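Trainee: I would like a close look at one part of this model. Please take the strand region and walk me through what surrounds it.

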Amino acid sequence: MNKQYLTWLKSFFTRPDRYPQLRGCSLLENFSTFELYLLNNMLYKRSYKAGEMLYDREYPLEAVYFIIKGEVEVERSTGGSSRTVLAGNQFLGVID
């Protein structure tokens, strides 16, 4: 057989994961590569500055944020103030 063909065939079966950042999130870890492909086509990558507000508690959250890098501080004011810090491979917005 042709050596190039064997090399090509081998690379087909040993492809690296195309969505390691998404698969790192616990919400998406069991998604197939095809499901991640479909989801990835609907995602927008955004960067925020320190201290920038993502959304206000008076407006419903209409998006899910997957935190790839950095930290997000979430402040809740229901029944007393509490703060939570979310970091890489966590998500925000599934439950407001």
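Mentor: What follows starts with the whole chain and then turns to the strands.

This is a predicted model. The chain holds 3 helices and 4 strands. Read from the N terminus, the order is α-α-α-β-β-β-β. Of the 96 residues, 15% are buried. The accessible surface is about 8,600 Å², and carbon and sulfur atoms account for 53% of that. Take the contacts between residues at least 6 apart in sequence: 34% of them join residues at least 24 apart.

Now the strand region. Start with its core. The largest nonpolar core has 7 residues. They are Leu61, Tyr65, Ile67, Val72, Val74, Leu86 and Leu92. Strands S1 and S2 (71–76) each supply at least two of these residues. A second core is separate from this one. That second core has 6 residues, among them Leu22, Cys25, Leu36 and Leu39.

Tyr65 deserves a closer look. Its place is strand S1, which spans 65–67. Tyr65 has a relative accessible area of 18%, and the cut-off for buried is under 20%, so Tyr65 counts as buried. Tyr65 is also a member of the 7-residue core.

Next, the aromatic pairs. The whole structure has 2 of them. One joins Tyr48 and Tyr65. The ring centres are 6.4 Å apart. The planes meet at 65°, so this pair is edge-to-face. Tyr48 sits in the loop between helix H3 (33–40) and strand S1. Because Tyr65 is in S1 itself, the pair ties together parts that are 17 residues apart in sequence. The two partners differ in cover. Tyr48 is partly exposed, at 36% relative accessibility, whereas Tyr65 is buried at 18%.

Tyr65 has another partner to consider, Gly93. The two are 28 residues apart in sequence, yet their C-alpha atoms are 6.2 Å apart in space. Gly93 lies in the segment after S4. With 12% relative accessibility, Gly93 is buried. Leaving aside residues up to four places away in sequence, Gly93 touches Leu61, Ala63 and Val64. Leu61 is a core residue as well.

Move to S2 and S3. The whole structure has 2 salt bridges. One pairs Glu73 with Arg83, and the closest N and O atoms are 2.7 Å apart. Glu73 is in strand S2 and Arg83 is in strand S3 (residues 82–87). That pair links distant parts of the chain, 10 residues apart. Glu75 also forms a salt bridge with Arg83. Here the closest N and O atoms are 3.6 Å apart. The shared partner joins Glu73, Glu75 and Arg83 into one network.

How covered are these three? Arg83 is exposed, at 58% relative accessibility. Glu73 is partly exposed at 47%. Glu75 is partly exposed too, at 44%. Set that against the core: Val72 and Val74 belong to it, and S2 runs 71–76.

Finally, the loops. Lys69 is in the loop between S1 and S2. At 79% relative accessible area, Lys69 is exposed. Asn89 is in the loop between S3 and strand S4 (90–92). Asn89 is partly exposed, at 39% relative accessibility. Lys69 and Asn89 are 20 residues apart in sequence, but 7.9 Å apart in space from C-alpha to C-alpha.

The backbone of Asn89 needs a note. Its phi is near 70°, a positive value in a residue other than glycine. Most residues other than glycine have a negative phi.

One item lies outside the strands. Tyr5, Leu6 and Trp8 make a nonpolar surface patch of about 330 Å². Tyr5 is in helix H1 (residues 3–13). At 42% relative accessibility, Tyr5 is partly exposed.

To pull the strand region together: a 7-residue nonpolar core includes Tyr65 and Ile67. Tyr65 pairs edge-to-face with Tyr48, and its C-alpha is 6.2 Å from that of Gly93. Glu73, Glu75 and Arg83 form one salt-bridge network. Lys69 and Asn89, each in a loop, are 7.9 Å apart by C-alpha.

Note on methods. Residues numbered from 1 in each chain as written. Predicted model: local features only at pLDDT ≥ 70, side-chain atom pairs only at ≥ 80, totals over all residues. Heavy atoms only, no water. Patch = residues over 30% accessible without salt bridge, like charges linked within 9 Å, V, L, I, M, F, W, Y side chains within 5 Å. Areas by Shrake-Rupley, 256 points an atom, 1.4 Å probe, with all protein chains shown as cover. Salt bridge = Lys/Arg side-chain N within 4 Å of Asp/Glu carboxyl O. Helix = DSSP H or I, 4+ residues; strand = E, 2+ residues; numbered from the N terminus. Buried < 20%, exposed > 50% of the residue type's maximum accessible area, 1.4 Å probe, protein only. Contact = heavy atoms within 4.5 Å. Phe/Tyr/Trp six-rings, centres within 6.5 Å; stacked < 30°, edge-to-face > 60°. Core = buried A, V, L, I, M, F, W, Y, C linked by side-chain atoms within 4.5 Å.
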